[in-house]
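Visitor: Please pick one helix of this model and take me through it closely. I would also like to see how the parts around it fit together.

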Amino acid sequence: MIRTVAIILASLFVLSPVLAQPPSAATEAEISHLLSYLGTSGCEFYRNGNWYDANEARSHLQRKLDYLVKHSLVTTTDDFIVRGASSSSMSGEEYLVRCPGADPVKSRAWLTAELQRYRSASPGSS
């Protein structure tokens with residue numbers, strides 16, 4: 001029994017990149033919007049003990065996205081937010097966003113709120 005479970009888990013691990021689908025065009029558009037929104041927001045982005053300007057934050061998250069897509073770890077926009085844009089893969093520390101005149105908020109909440117706004121404003125979105 002244990003051997004069978006081990007074989008199944010090993011097979012899933014090996015096949016998971018093959019079975020994973022690349023992000024859809026709609027997902028790519030949503031993520032592109034979020035990155036652009038961040039890059040032009042005028043907000044600051046906190047990661048690993050330092051605040052970075054919005055453009056630096058956008059570039060950092062783009063690099064993380066590229067890695068995640070290459071390794072078939074992102075198929076939805078929510079995957080990107082959770083796996084790439086919420087916390088440091090090095091320290092595990094949560095990212096924060098601080099916009100002028102506002103208190104810092106967790107990047108996951110900030111990006112999710114913008115994603116919801118974007119989806120509600122997009123024709124044909126559910």
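Guide: Let's take helix 3: its 17 residues should span 24 Å at 1.5 Å a residue, and the end C-alpha atoms are 24 Å apart, which agrees. The expected span here is 1.5 Å times one less than the number of residues. Helices (H or I, at least four residues) and strands (E, at least two) are DSSP runs, numbered from the N terminus. Please keep in mind that this is a predicted model, in which local features need pLDDT of at least 70 and side-chain atom pairs count only at pLDDT 80 or more, while totals for chains, interfaces and linings use all residues. Residues are numbered from 1 along each chain as its sequence is written, and side-chain values use heavy atoms, with hydrogens and water left out.

Now for the two sides of helix 3. Ala 54, Ala 57, His 60, Leu 61, Lys 64, Leu 65 and Leu 68 are buried, where buried means under 20% relative accessible area, exposed over 50%, and partly exposed in between (1.4 Å probe, protein chains only). Viewed down the helix axis, these buried residues fall within an arc of 140 degrees, so they line one face of helix 3; the arc is taken over the directions from the axis to the C-beta atoms. Turned away from that buried side are the exposed residues Arg 63 and Lys 70. The cover over the buried residues includes helix 2, strand 1, strand 2 and helix 4, with contact meaning heavy atoms within 4.5 Å.

Leu 61 leads us on to the largest nonpolar core. Of its 20 residues, Phe 45, Leu 61, Phe 80 and Trp 110 touch the most other members. Helix 2, helix 3, helix 4 and helix 5 each supply at least two residues of this core. A nonpolar core is a set of buried Ala, Val, Leu, Ile, Met, Phe, Trp, Tyr and Cys residues joined through side-chain atoms within 4.5 Å. In soluble globular proteins, nonpolar side chains tend to be buried together.

Next come the strands that help cover helix 3. Strand 1 (residues 44-47) pairs with strand 2 (residues 50-53) in the antiparallel sense over 4 bridges, and pairing requires that DSSP find at least two bridges. Across this pair, Phe 45 stands opposite Tyr 52. The hairpin has 2 residues between its strands, and Asn 48 takes a positive phi near 50 degrees there. Strand 1 also runs antiparallel to strand 3 (residues 96-98), joined by 3 bridges, with Tyr 46 opposite Leu 96.

Phe 45 is also among the contacts of Ser 107, together with residues including Ala 85, Tyr 95 and Val 97. Ser 107 belongs to helix 5 (residues 107-121) and is buried, with a relative accessible area of 0%.

Finally, follow Trp 110 to the disulfide: its contacts include Cys 43 and Cys 99. These two form a disulfide with S to S 1.9 Å, the criterion being cysteine sulfur atoms within 2.5 Å. Its S-S torsion is about 95 degrees, so the disulfide is right-handed. Cys 43 lies in the loop between helix 2 and strand 1, Cys 99 in the loop between strand 3 and strand 4, 56 residues apart. Both cysteines are buried.

Conventions: Lists of a residue's contacts leave out its neighbours within four places in sequence.
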